[in-house]
Amino acid sequence: MDFGLSEEQLLLAETVTRFLDERLPVPRVREVIDGDESIDPDAWRALAELGVTGCLVPETHGGAELSLLDAAVIATALGHGAAPLPFLGSATLATLVLRGAASPAVQSEWLPRLADGSARMALAAAERIEQRQDSGVTFEGGRLQGTALFVIDGAGADAYLVAVGDDVHLVPASADGLAIKALPTIDRTRGLVELGFEAVAPADSFLAVGAALDRAVDAGRVIVSADILGSCDRAISMSVAYAMDREQFGRPIATFQAVKHLCAEMVAAIEPARSLLWYAGHSWDEIPEESALLATLCKAHFSTVGHDLVRIATQVHGGIGFTDEYDLQLWFKRVGLSRQLLGGPEKLNAHAAELQGLA
Amino acid sequence: MDLSYGPEYETFRAELREFLQTRGDEAPGRAGEVASLGGESLVRWQKLLIEHGYAARNIPKEYGGAGAEPDPLIATILSEEFGRARVSRGVAGQGIDMLVPTLLEHGSEEQKRSYVPPTVTGEMVWCQGYSEPGAGSDLAAIQTHGRVEGDTLVINGQKIWTSTAQFSQMMFALVRTEPEAAKHAGISYVLVPMDTPGLDVRPLKTMTGHAEFNEVFFDEVRVPVANIVGRRGQGWKIANTTLGHERNMLGSSATSEGLYEGVVRVMREEQVDGHSALESPVLRDRLMSLQAKTIAMKCHAMRLLGSRLRGESSGVAGLVTKLNGCQLNHDLAGLAIDAMGEGGVLYRGTDRSRENGRWQFQYMFQLGLIIGGGTAQIQKNIISERGLGMPREPKVAASAAKSGVKG
């Protein structure tokens, strides 16, 4: 019996955190998000050497074939660093859909390139989670038609996996009739795009792969939760440090219970959530019969906890926390995006009830 | 992450299950019933449990326990299996859980021999005399004082929130014996027989309508000085060795799991306009939010167990259980009441009340637990100071503090 992260997982967290501190410190993050590219492509390729880009790619295709809990450890570090990198879209969602749904030939073509960081992919599946107005893609007569919204990490991807019902179609970014439009969001450390399809012929189609899509989305929900966890850890440590440093009324504001209690509330909320995340990550590989429910509840819970937590962190900081110059806003926005991704809390709670027959 | 317990533990679990199945109906009442404290059937059951190593497991044999080495996994299996079988775990409460560990650590040989064995079997019931009307969160401000006359300690004052005082033979109390000493240094830990003349127990009825607590008044109560545990003036330190234990008893995830299952049952059965309350999207949303928290607390308990097994400090993670668990239990009871609509207000004494007012009782009782055993605000002080290293609120001037405890 050992509930917790292993030595290897702690080392992995430390390695990725150190890499980010060196290669992607906050000033560099700001440079990237103010620049033309939505991610830092050099850092992404460098992370390939640490096994990060291909952590969920099988060893036979050049990946590290780590567990989802390992990937969650990485995602926590990336959230902590507000890293502008396509870990969720390419390394998690697209990778797992390829693994679970694509033909061996397509896997051999793409997985090694995702693993070594030379290619990126994104999954267009927002409509599978929640059908919104002005969106939806159809597949008739061998052609894709319509609009896919909110494709996470879609900017600069080499190809897209487009979910239509239980089928998945592979569309290269260069395909005729495909329009890729970046959608500005609050969180510029990760990007969403909108895909327009005008009689697009997919390069490949994988039919009746709904279960693989669901598994990938479950994993994605764990990874987003992990990203929120890392963001929250950062917001808490910034808040505590600020409260110890900032003086008002002649003493550090950390001596005021009104401020201390806000910090205590943040920690009290995040620690049991961390335990839930570890268990949800573990269950995806080891207890698959429980993992859909755990991933769903976990993401719903983190959406709520994270959202409240970054608000409290901003409150602890007072006016400075509201400025662009101070870095806390990066995490406020990152959690804001994460909360909505792959289903907000209400949607996920309804889904969780259905999964256990409580609806 | 490895959630298996290993073969030797599974053998222990299998034997325990077998025991609970074959002997479980000898257990008195239902788990956690207070009324049977000190009763014959409980003592008989407790002795059987000790014999099998299922109770008083880590208390040395010479003092009436089973004498096994502490093992957090065994402790977890015991709690899981008794909970699953819904069978009484034997004697619980402040005597065995708080006094006994204190005596084993700080008591004289004579105190250990006189008090531990009957406490362990449940024949001697204890209550805790800590809180006072003027000393709640600021416990060290107690004013109940003991004056030494030869080899006798004469106690005057008042204790409050004393659960089980009406069934108890003994009280362990904090008494100010050194009025001139600094606030924390003037307190002694004293063992007081409840039948001593001058000691008066009055039930304290709470908002639930029941007297879960008592007030205890001391008017020239005379006990031997030999009833002080440790040295005079050491009581604060001695009490603190077991206060942390109380924090962990409150907010256990097993309670939340039981309440969660109960709420699901209520919502499934409650009919609103011809539909089950589970079909209400708003109530269902609340239910799922609380389910996530319940599972999180269960995972959190496993994580803390993992830290103990590795011999590591759980750090700040170990300080948040009471704050979260008690609030969660209160919220679960609140949801059950809301799912019943107007029927949610019914209390004991009508057939229309679901489970004889259980949920209203829980809603009120759990609120009491958010306050008792260290209020939510004190918990937040502990989390921020011990967990996050944030500074304490500056003390008021020393002279003011001291005059406050003299009275």
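A residue counts as buried when its relative accessible area is under 20%. Keep that cut-off in mind for this tour of a predicted model.

**Stop 1: a ring pair in chain A**

Select A:Tyr242 to begin. Its relative accessibility is 16%, so A:Tyr242 counts as buried. Now add A:Tyr326 to the selection. The two ring centres are 6.3 Å apart and the planes meet at 70 degrees, so this is an edge-to-face pair. Follow the backbone from each ring and you'll see that the pair ties together distant parts of the chain: A:Tyr242 belongs to helix H8 (residues 210-245) of chain A, while A:Tyr326 is in the loop between helix H10 (288-317) and helix H11 (328-340), 84 residues apart.

There are other rings to look at, since the structure holds 12 aromatic pairs over all chains. Hop to chain B and select B:Tyr115, B:Trp126, B:Tyr130, B:Phe172 and B:Tyr189, which ring pairs link into a cluster.

**Stop 2: charges over rings**

Next, go back to chain A and pick A:Trp110 together with A:Arg113. The charged end of A:Arg113 sits over the ring of A:Trp110, 4.8 Å from the ring centre. For another example, in chain B, select B:Arg202 and B:Phe217: the arginine lies over the face of B:Phe217, 3.9 Å from the centre of the ring.

**Stop 3: the domains of chain A**

Try colouring chain A by domain: domain 1 covers 7-115, domain 2 covers 121-209 and domain 3 covers 211-355. Hide domain 2 for a moment and look at the other two. The C-alpha centres of domain 1 and domain 3 of chain A lie 21 Å apart, and their contact takes 24 residues from domain 1 and 32 residues from domain 3. Between them they bury about 2200 Å², with 72% of that on carbon and sulfur atoms. Which residues of domain 1 of chain A lose the most area to domain 3 of chain A? Highlight A:Arg30, A:Leu68 and A:His80, which together make up 27% of what that side buries.

**Stop 4: two residues before helix H8 of chain A**

Bring domain 2 back and select A:Ser205, found in strand E8 (residues 204-206) of chain A. With a relative accessible area of 29%, A:Ser205 is partly exposed. Leaving aside neighbours within four places in sequence, A:Ser205 is in contact with A:Phe139, A:Val168 and A:His169. Draw a distance from A:Ser205 to A:Ala102 as well: they are 103 residues apart along the chain, yet their C-alpha atoms are separated by 8.2 Å.

Now step along to A:Ala208, in the loop between E8 and H8 of chain A. Phi here is near 50 degrees, a positive value in a residue other than glycine. Is A:Ala208 buried or exposed? It is exposed, at a relative accessible area of 64%.

**Stop 5: the end of domain 3 in chain A**

Select A:Glu354, placed in helix H12 (residues 345-355) of chain A. At 52% relative accessibility, A:Glu354 counts as exposed. Its C-alpha atom is separated by 9.4 Å from that of A:Leu293, 61 residues apart along the chain.

**Stop 6: where the chains meet**

Show both chains now. Their contact takes 47 residues from chain B and 43 residues from chain A. The two bury about 3900 Å² between them, 66% of it on carbon and sulfur atoms. On the chain B side, select B:Met1, B:Arg303 and B:Met390: they supply 19% of the area that chain B buries against chain A, more than any other three residues.

While you're here, pick B:His300 in helix H8 (residues 281-309) of chain B. At 0% relative accessibility, B:His300 counts as buried. Leaving aside neighbours within four places in sequence, B:His300 is in contact with residues of both chains: A:Glu271, A:Pro272, A:Ser275, B:Ala317, B:Val320 and B:Thr321.

**Stop 7: inside chain B**

Colour chain B by domain too: domain 1 is 7-90, domain 2 is 126-242 and domain 3 is 250-387. The C-alpha centres of domain 1 and domain 3 of chain B are 26 Å apart.

Then select helix H9 (residues 321-339) of chain B. At 1.5 Å a residue its 19 residues should span 27 Å, and the end C-alpha atoms are indeed 27 Å apart. Of those 19 residues, 16 are buried, so H9 of chain B is largely enclosed by the rest of the structure. Just after this helix, B:Gly341 takes a positive phi of about 60 degrees.

Finish at B:Glu220 in strand E7 (residues 213-224) of chain B. Although B:Glu220 is not a glycine, its phi is positive, at about 55 degrees. B:Glu220 counts as partly exposed, at 33% relative accessibility.

How values were computed
Residues numbered from 1 in each chain as written. Chains lettered and ligands numbered in written order. Predicted model: local features only at pLDDT ≥ 70, side-chain atom pairs only at ≥ 80, totals over all residues. Heavy atoms only, no water. Helix = DSSP H or I, 4+ residues; strand = E, 2+ residues; numbered from the N terminus. Expected span 1.5 Å × (residues − 1). Buried < 20%, exposed > 50% of the residue type's maximum accessible area, 1.4 Å probe, protein only. Phe/Tyr/Trp six-rings, centres within 6.5 Å; stacked < 30°, edge-to-face > 60°. Lys NZ or Arg CZ within 6 Å of the ring centre and 35° of its normal. Domains from an automatic or database assignment. Contact = heavy atoms within 4.5 Å. Buried area = accessible area lost by both parts, 1.4 Å probe.
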